[in-house]
Amino acid sequence: ETADMDDNGGFLALSLAVRNMPTSVVIKDDKSGFEEHHVNHFSAAIQAIMAEESLKIYLNEVHVGEKEWEERLDKIYAKRKLELKKNDEDCMENFYSKIKYRIIMSAEAALDVIISKGDIITRNGPLFYAFIDTTRSCVAVGVTLFGACVSTNEGDKNNGSSSSTSNAGVYGCASDANVMCASFETMENQCLAVKSV
């Protein structure tokens with residue numbers, strides 16, 4: 001008898017696969033033996049896409065279709081656009097930026113679904129754990145993509161140098177920092193609400 005024997009939908013395996021997807025490459029110096037980890041934008045983007053696709057499988061289990069999911073994301077997107085300065089709105093249209101914003105918003109939307117569906121999700125242990133674990137993966141890869149995009153942008157601005165001159169630190173611009181702070185505040189409150197479901 002295994003701990004996951006009640007996981008008829010394979011949700012735990014899916015959330016584990018998403019969580020363990022690599023988002024960096026290791027570069028080893030043969031002389032010194034020193035290993036350095038570098039974020040691989042493509043791998044992080046693939047993990048983000050897989051995380052959202054996994055959430056859609058869980059959502060299907062609780063009768064939340066693609067249309068309802070997109071409507072939830074659209075509401076969050078509209079709120080987050082207010083956090084961006086007018087001149088920074090076009091940064092949401094960049095390929096990696098689209099993914100980084102979407103995956104953070106997917107985490108918010110997933111927590112919202114857990115709260116709204118309540119015990120339909122929480123009474124199914126494997127499904128509930130998979131939702132939470134994949135939501136955590138969404139946040140982690142979103143933060144990775146925010147940091148990766150900053151590194152790339154700062155490197156471009158500084159002719160390839162990795163030194164950052166941004167006042168917003170790891171976020172790259174004040175607008176990104178505002179979006180991240182607003183999302184994290186929302187998710188903190190959502191996590192408290194999930195605990196009481």
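Long-range contacts dominate the count in this predicted model. Among contacts in the protein with a separation of 6 or more, 71% join residues 24 or more positions apart. The protein has 197 residues, and 38% of them count as buried. Its accessible surface comes to about 10900 Å². Carbon and sulfur atoms hold 54% of that area.

Seven helices and two strands make up the secondary structure. Along the sequence, the elements follow the pattern α-β-β-α-α-α-α-α-α.

Two aromatic pairs are present in the structure. In one of them, the ring centres of Phe11 and Tyr58 lie 5.8 Å apart, with the planes at 85°. The pair is therefore edge-to-face, as the angle is over 60 degrees. Phe11 belongs to helix α1 (residues 11-19), and Tyr58 to helix α2. The two residues are 47 residues apart, so the pair links distant parts of the chain. Both partners are buried: Phe11 has a relative accessibility of 5%, and Tyr58 has a relative accessible area of 0%. The cut-off for burial is under 20%. Phe131 joins Phe11 and Tyr58 in one aromatic cluster.

Helix α2 spans residues 41-61 and also contains Ile49. Ile49 has a relative accessibility of 40% and therefore counts as partly exposed. Together with Phe42, Ile46 and Met50, Ile49 makes a nonpolar surface patch of about 350 Å². Helix α2 thus carries both the buried Tyr58 and the partly exposed Ile49.

Terms used: Residues numbered from 1 in each chain as written. Predicted model: local features only at pLDDT ≥ 70, side-chain atom pairs only at ≥ 80, totals over all residues. Heavy atoms only, no water. Patch = residues over 30% accessible without salt bridge, like charges linked within 9 Å, V, L, I, M, F, W, Y side chains within 5 Å. Areas by Shrake-Rupley, 256 points an atom, 1.4 Å probe, with all protein chains shown as cover. Salt bridge = Lys/Arg side-chain N within 4 Å of Asp/Glu carboxyl O. Helix = DSSP H or I, 4+ residues; strand = E, 2+ residues; numbered from the N terminus. Buried < 20%, exposed > 50% of the residue type's maximum accessible area, 1.4 Å probe, protein only. Contact = heavy atoms within 4.5 Å. Phe/Tyr/Trp six-rings, centres within 6.5 Å; stacked < 30°, edge-to-face > 60°.
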